[in-house]
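Ready for some practice in reading a protein structure? Work through each exercise with the model open beside you, and try each task before you look at its solution.

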Amino acid sequence: MRQIFKTALIVVLGNFCYALAVAFFIEPSHLITGGGTGLALFIHHMWGIHTSYAVFVINTILFLVGWRAMGRRFAANTLLSTFCLPVEIHIAEIIAAQYEPVDDIVLCTIFGGLIIGASLGVVIRTGASTGGMDIPPIVLNKYLGTSISGVMWICDICVLVVQALFTDKTMVLYGIILVVIYTMTLDKTLILGKAKTQIKIVSKKSDDIRRAILQSIDRGVTVMYGRTGYLGKDTEICLSIVSTRELAKTEQLVHSIDPEAFIIISRVSEVKGRGFTEQKKYL
């Protein structure tokens, strides 16, 4: 029950941040955007239907698609967003009406994109969705392994093209910038706190280095076997995954054992397994 409540709270707060971005930055500046909100804004401008009502209809249709494809748990979390987002947009519009709107379209584009991307990322990380056009990318990710942000980008471009037919060209360009900003922010939010550092060490003292990392850094080590390209000698390569904070300590430890050690460092987006997503077990 605690986990369910925590997930629901994150979904509600994430959607409210999304609604604030729409009410304070997107609507007042008449920006166009992608996703279900973009379609809702297009409907609002064309036929005068209230944005929150249009969002509700679009989310309901896509919610049924997500329920069918992703199952009950996803549907339960998305159900909250489906009804919560339109209500929160309406509340955010009431709040925004009490303040002077930001009249700088550049600031609206930047801050609107940052808040939308961050709120989408926070909600999606719970396994839920804000509803709307981010449901199709999640469904395709499950069945085809496609990038969530990549497919969302394509969907957003399609929505922007529809709006571009009836919108000033300058606003279309700002809309594209908005989509780029929130897509990049979404990507960063999805991997926030999950990125780690991979370190490969080629050394004649690989066994000493392996023991030192296990004991001093408390990280696992995989020993790979290779051959040097110039002399053709067999060699051992120590592979380990460490956190960003542990990287400097690991480098110092390796060079204290072998100053001539060859070290390769690279970033990895996510690591799953014991010591990272599972509890360490000591035998």
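Strand S1 and strand S4 (residues 262-268) run antiparallel and are joined by seven bridges. Keep in mind throughout that this is a predicted model.

**Exercise 1. The sheet**

Task: Find the order of the strands in the open sheet of four strands, and work out which are the edge strands.

Solution:
- Step 1. Start from the pair above and look at individual partners: Gln198 stands opposite Ser266 in S4, and Lys196 has Val268 of S4 as its bridge partner.
- Step 2. Now find the other partner of S1. Six bridges link S1 to strand S3 (residues 234-242), again in the antiparallel sense. Here Ile201 stands opposite Cys238.
- Step 3. Put the strands in a row. The order is S2-S3-S1-S4, with antiparallel pairing.
- Step 4. Read off the edges. S2 and S4 each pair on one side only, so they are the edge strands.
- Step 5. Add the twist: neighbouring strands are turned by 25° against each other on average, with direction ignored.
- Step 6. Check how covered S1 (residues 196-202) is. Five of its seven residues are buried, and the strand is mostly covered.

**Exercise 2. A helix from end to end**

Task: Describe the length of helix H8, the cap at its N-terminal end and its buried residues.

Solution:
- Step 1. Helix H8 covers residues 169-190, which gives it 22 residues.
- Step 2. Compare the spans. From first C-alpha to last, H8 reaches 32 Å, close to the 32 Å expected at 1.5 Å a residue.
- Step 3. Look at the N-terminal end. Asp168 caps H8 there, with a side-chain oxygen 3.0 Å from the backbone nitrogen of Thr170.
- Step 4. Look for covered positions. Among the buried residues of H8 are Met171, Val172, Leu178, Ile181, Tyr182 and Leu186.

**Exercise 3. The cores**

Task: Say which residues touch the most other members of the largest nonpolar core, and which elements contribute to this core.

Solution:
- Step 1. Recall a general tendency: in soluble globular proteins, nonpolar side chains tend to be buried together.
- Step 2. The largest nonpolar core has 41 residues, and Ile116, Leu120 and Ile124 touch the most other members.
- Step 3. Several elements give two or more residues to this core, including helix H1 (2-26), helix H4 (72-96), helix H5 (105-125) and H8.
- Step 4. Look for a separate core. A second one has 12 residues, including Ala212, Val242, Leu247 and Ala261.

**Exercise 4. Cysteines**

Task: How many disulfides does a search of the whole structure find?

Solution:
- Step 1. The search finds zero disulfides.
- Step 2. Take Cys84 as a check. The nearest cysteine sulfur belongs to Cys17 and is 11 Å away, and Cys84 is in no disulfide because the sulfur atoms of a disulfide must lie within 2.5 Å.
- Step 3. Repeat this for Cys108, where the nearest cysteine sulfur, again that of Cys17, is 17 Å away.
- Step 4. Classify both by accessibility, with buried meaning under 20%. Cys84 has 13% relative accessibility, so it counts as buried. Cys108 has 0%, so it counts as buried too.

**Exercise 5. The loop after H9**

Task: Are Asp218 and Arg219 buried, exposed or partly exposed?

Solution:
- Step 1. Locate them: Asp218 and Arg219 lie in the loop between helix H9 (206-217) and strand S2 (222-227).
- Step 2. Asp218 has a relative accessibility of 30%, so it counts as partly exposed.
- Step 3. Arg219 has a relative accessible area of 11%, so it is buried.
- Step 4. Look at the side chain of Arg219: a polar contact of 3.0 Å joins it to the side chain of Glu246.

**Exercise 6. Positive phi**

Task: What is the sign of phi in His30 and in Asp218?

Solution:
- Step 1. Recall that most residues other than glycine have a negative phi.
- Step 2. His30, in the loop between H1 and H2, has a positive phi near 60°.
- Step 3. Asp218 is not a glycine either, and its phi is positive at about 60°.

Technical notes:
Residues numbered from 1 in each chain as written. Predicted model: local features only at pLDDT ≥ 70, side-chain atom pairs only at ≥ 80, totals over all residues. Heavy atoms only, no water. Expected span 1.5 Å × (residues − 1). Buried < 20%, exposed > 50% of the residue type's maximum accessible area, 1.4 Å probe, protein only. Polar contact = N/O pair within 3.5 Å; in protein donor to acceptor, adjacent residues only side chain to side chain. Core = buried A, V, L, I, M, F, W, Y, C linked by side-chain atoms within 4.5 Å. Pairing = 2+ DSSP bridges. Axes fitted to C-alpha atoms, helices over the stretch in contact; angles between N-to-C directions.
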